[in-house]
Amino acid sequence: MSEVTCLELSVVLWFVHLACVLGAAPFAVPLGWRLSSRDKPAAPKGVLFGRANRALANYVENFTVFAALDLALIATHQPGGWGPTTWILARILYLPLYLFDVIYVRTFAWAVALVAILTMLGRLTWS
C-alpha cells in the first residue's frame, strides 16, 4: 500500500475506534453522563466500554507518531517500505484483540506496530 493509502486507512481506523466506544457506551454508562462534561468519572457496567476507551487512547498516542512520520515520508518523496503497511495492519488487528482481551497476541501486535514506526523513522533518518 502507498503511504497515502495507509494514512487514509489510519483515519478510517480512528473512526472505527470511535464507533466502538460509541457503540459500547449505551450499555455501560447513563445517557446523562454521556451528554455531560464528564467532570466525574462514571462507573461503567461491564468491561467493553473501558476497553474501547483505552484502545482508542492507545491508538491516538500511536497515530500521532505514525501520521507525523508518514506525512514526512510523503512530503520528502521517500518510500516508506513495509513500515506504513505493517503499522496499519498491526493496528487493525490490535483493536479486536484488545476488545476481546487477547493479552499476549495484543501485545505482539502493538510491538509489530512499534517496529514499523521505528522502521519509518529509520528510513527518514538514513535515506
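This is a short walk through the structure, one selection at a time.

**Before you start**

You are looking at a predicted model, where local features need pLDDT of at least 70 and side-chain atom pairs count only at pLDDT 80 or more, while totals for chains, interfaces and linings use all residues. Residues are numbered from 1 along each chain as its sequence is written, and side-chain values use heavy atoms, with hydrogens and water left out.

**Stop 1: the whole protein**

Show everything as a cartoon. You should find five helices and zero strands; helices are DSSP runs of H or I with at least four residues, strands are runs of E with at least two, and both are numbered from the N terminus. Read from that end, the order is α-α-α-α-α. The C-alpha atoms fill a box of roughly 50 × 30 × 20 Å along the principal axes.

Now switch on the surface. The accessible area is about 7,400 Å², with 73% of it belonging to carbon and sulfur atoms; it comes from the Shrake-Rupley method with a 1.4 Å probe, and for residues only the protein chains shown count as cover. Of the 127 residues, 39% are buried (under 20% relative accessible area; exposed is over 50%, partly exposed is in between, with a 1.4 Å probe and protein chains only). Contacts are heavy atoms within 4.5 Å. Among contacts with a separation of 6 or more, 76% are between residues 24 or more positions apart.

**Stop 2: helix H4**

Select residues 83–99. The 17 residues of H4 should span 24 Å at 1.5 Å a residue, and the end C-alpha atoms are 25 Å apart, which agrees. That expected span is 1.5 Å times one less than the number of residues.

Twelve of the 17 residues in H4 are buried, including Trp 87, Ile 88, Tyr 94 and Leu 97. Show H1 (3–28), H3 (48–75) and H5 (103–126) to see part of what covers them. Zoom in on Arg 91: its charged end sits over the ring of Tyr 94, 4.3 Å from the centre. The rule for this is NZ of Lys or CZ of Arg within 6 Å of the ring centre and within 35 degrees of the ring normal. Just past the helix, click on Asp 101, which has a positive phi, near 60°.

**Stop 3: the aromatic rings**

Show Phe, Tyr and Trp as sticks. Rings pair if their centres lie within 6.5 Å, using the six-membered ring of Trp; planes under 30 degrees apart are stacked, over 60 edge-to-face, and the rest tilted. That rule gives five aromatic pairs. In one of them, Trp 14 and Phe 15, the centres are 5.0 Å apart and the planes at 80°, so the pair is edge-to-face. Trp 14 is partly exposed, at 29% relative accessible area.

Next, select Tyr 59 and Phe 63. Their ring centres are 5.7 Å apart and the planes are at 20°, so this pair is stacked. The two sit four residues apart in H3, about one helical turn. An α-helix has 3.6 residues a turn, so residues three or four places apart point the same way. Tyr 59 is buried, with 0% relative accessible area. Add Phe 66 and Trp 87, and you have a cluster of four names linked by ring pairs: Tyr 59, Phe 63, Phe 66 and Trp 87.

**Stop 4: the cores**

A nonpolar core is a set of buried Ala, Val, Leu, Ile, Met, Phe, Trp, Tyr and Cys residues joined through side-chain atoms within 4.5 Å. The largest has 16 residues, and Tyr 59, Phe 63, Phe 66, Trp 87, Ile 88, Ile 117 and Met 120 have the most contacts inside it. H1, H3, H4 and H5 each give two or more residues to this core, with H3 giving the most, six. Apart from it lies another core of 15 residues, among them Val 21, Ala 55, Tyr 94 and Leu 97.

**Stop 5: helix H5 and a loop**

Select H5. Its 24 residues reach 35 Å from first C-alpha to last, close to the expected 34 Å. Its buried residues, among them Ala 113, Ile 117 and Met 120, pack against H3 and H4.

Finish at Gln 78, in the loop between H3 and H4. Buried or exposed? At 17% relative accessibility, Gln 78 counts as buried. Beyond its neighbours within four places in sequence, Gln 78 contacts Glu 3, Leu 73, Arg 123, Leu 124 and Ser 127.
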